[in-house]
Amino acid sequence: MPLRPHQTDAVKAMTTFDKGQVIIPTGGGKTMCMIDDAIRQFDSGHKTIVVVAPRILLAEQLSSEFLEVIREKYHHIQVMHVHSGETKHFSTTKVDMIQKWMNFCWGNKIIFTTYHSLHRLVEADVVVDTIYFDEAHNSVQKNFFPSVKHFSNWAKRSYFFTATPKHSLTPFKAGMNDSKVYGNVICQVPAPKLVDEGYILPPKVEVYQTRIMQKGEIYSEVESEQMLNSIDKIDVEKILICAKSTKQITNLVSQSDFCFELGLRGYKWMYITAKTGAIINGKKVNREQFFETLNQWGKDDTKFVVLHHSILSEGINVSGLEAVLFMRNMDYISISQTIGRVIRLGKCHKTHGLVCVPVYNNVGITTARKVEAVVDTVFNRGEPAISVITK
């Protein structure tokens, strides 16, 4: 796949600098920059490359995307996953098994892991040629940072990819403005540029008042009414709902007529949370089937609603989503990442990604203000939505 101009700029920067930050808006194709750079590294001789993701789901997605392209040229690349999730590839979190794999596997190697399991590679003394930190704002977390710092110091090349950097104004907490660990920003692409060039869509924010629950009413029924009214108002076919909690989701599907009413409107429904797993139209499925169905529905004419708390906000590619409905407050990074789910190009000829905030209490008002601030920063001023730690 030929690179877009901004991707070419990012890859060129990576050939110039051995360490640095690549800031590209969600939907701008950060993964292809990593893949192209990895192929160039393999072309220069046998290498060990590590790809780090914040979630097991994203590690699996990155693995599929990398290997789909790389194996067109390198059929016998060695692959290992270091995390606790299920995968068809060799997988372990045991230090001795990681060491054995490194010693006995010959040729080009690529390892997919999570920030949570990255310390296993440190303990196994894995020598890394290039490491890509995806959604790198996660790397500043206290329990992840020591392993991140280790590979920043000892890997021959290290790159930090994100749309939403996280900085620190206190010496007591890590931040991506620490150039000794994260390097400098070697490539930064403004969102308006990608909109103008037709690679992503602009968001359109809609804030509207909904009915407040009255004394004596059943909470789940009122929430169901609020969501259904919102769905009727936006009138699109493929909707992501950011629920307040797993409990809110399970109450909606079990204690109200929400699913029945969705069916009357022609919508199928699905949800996924870390606690409940994946559910499609009331049937429990594995995660692979869930995402296959989600992407298929995104591409075809299926009307559907997908609910989640946070698992779909970051990094996960979902085709065709037209609107996101915020039912909870979030930080600036999570809002920016969530908006990114609906501004990707799709086959439904949409002209914008619809971002909806129903206001029914003070939380809704705060959320609306934050969403509008993020859109102004990212899509009007062309700056990344930077989260700042101050204490």
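**Notes on the predicted model: helix α2, two cores and some single residues**

1. D178 is partly exposed, with a relative accessible area of 31%. The model is predicted, so that value and those below are computed from predicted coordinates. D178 sits in the loop that runs between β8 (166-168) and α7 (179-182). Leaving aside neighbours within four places in sequence, its contacts are F145 and G183. N103 is 75 residues away from D178 along the chain, and the C-alpha atoms of the two are separated by 34 Å.

2. Now the interior. Which residues touch the most other members of the largest nonpolar core? They are F66, I70, I110, Y132, F290 and I339, in a core of 71 residues. Apart from this core lies another one, of 29 residues. Among the members of that other core are Y115, A124, F144 and V148. In soluble globular proteins, nonpolar side chains tend to be buried together.

3. F290 deserves a look of its own. Neighbours within four places in sequence are left aside here. F290 is then in contact with M270, Y271 and I272, with A278, I279 and I280, and with V285 and V306.

4. Helix α2 covers residues 30-43. From first C-alpha to last, its 14 residues reach 20 Å. That is close to the 20 Å expected at 1.5 Å a residue. After α2 comes G45, with a positive phi near 135 degrees.

5. Is α2 mostly covered or mostly uncovered? It is mostly covered, with twelve of its 14 residues buried. The buried residues include nonpolar ones such as M32, M34, I35, I39 and F42. K30, D36, D37 and Q41 are also buried.

6. What covers the buried residues of α2? Among the helices that do so are α1 (5-16) and α3 (56-70). Strands take part as well, including β2 (48-53), β5 (109-114), β6 (130-133) and β7 (157-162).

7. Take the α2 and α3 pair. Their axes are 10 Å apart, and the helices pack at an angle of about 50 degrees. Angles from 65 to 115 degrees count as roughly perpendicular, and those under 35 as roughly parallel. α2 and α3 are therefore oblique to each other. Their crossing is right-handed. On the α2 side, T31, M34, I35, A38, I39 and F42 make the meeting. On the α3 side, the partners are L62, E65, F66, V69 and I70. Two of these α3 residues, F66 and I70, appear again in the list of residues touching the most other members of the largest nonpolar core.

8. Next, the α1 and α2 pair. The axes come within 9 Å and cross at roughly 45 degrees. These two helices are therefore also oblique to each other. The crossing of α1 and α2 is right-handed. α1 brings Q7, A10, V11 and M14 to the contact. α2 brings M32, C33, D36, D37 and R40.

9. P25 lies in the loop between β1 (19-23) and α2. Its relative accessible area is 9%, under the 20% cut-off, so P25 is buried. Not counting residues up to four places away in sequence, P25 touches K30, A163, V189, P190, A191 and L194. Of these, K30 is a buried residue of α2. A53 is 28 residues from P25 in sequence, and the two are 17 Å apart in space, C-alpha to C-alpha.

10. Some backbone angles should be checked by eye. E135 has a phi near 45 degrees, a positive value in a residue other than glycine. E135 is found in the loop between β6 and α6 (145-154). Is E135 buried or exposed? It is buried, at a relative accessible area of 4%.

11. N281 is not a glycine, yet its phi is positive, about 50 degrees. N281 is in the loop between β13 (277-280) and β14 (283-285). Its relative accessibility is 37%, which counts as partly exposed.

12. Finally, S224 belongs to helix α9 (residues 219-234). At 5% relative accessibility, S224 counts as buried. Not counting residues up to four places away in sequence, S224 touches L252, S256, D257 and F258.

Definitions and conventions: Residues are numbered from 1 along each chain as its sequence is written. This is a predicted model: local features need pLDDT of at least 70, side-chain atom pairs count only at pLDDT 80 or more; totals for chains, interfaces and linings use all residues. Side-chain values use heavy atoms; hydrogens and water are left out. A nonpolar core is a set of buried Ala, Val, Leu, Ile, Met, Phe, Trp, Tyr and Cys residues joined through side-chain atoms within 4.5 Å. Buried means under 20% relative accessible area, exposed over 50%, partly exposed in between (1.4 Å probe, protein chains only). Contact means heavy atoms within 4.5 Å. Helices (H or I, at least four residues) and strands (E, at least two) are DSSP runs, numbered from the N terminus. The expected span of a helix is 1.5 Å times one less than its number of residues. Axes are lines fitted to C-alpha atoms, for helices over the stretch in contact, and angles run from 0 to 180 degrees between N-to-C directions. Angles under 35 degrees count as roughly parallel, over 145 as roughly antiparallel, 65 to 115 as roughly perpendicular and the rest as oblique. A crossing is left-handed if the near helix is turned anticlockwise from the far one by less than a right angle, and right-handed if clockwise.
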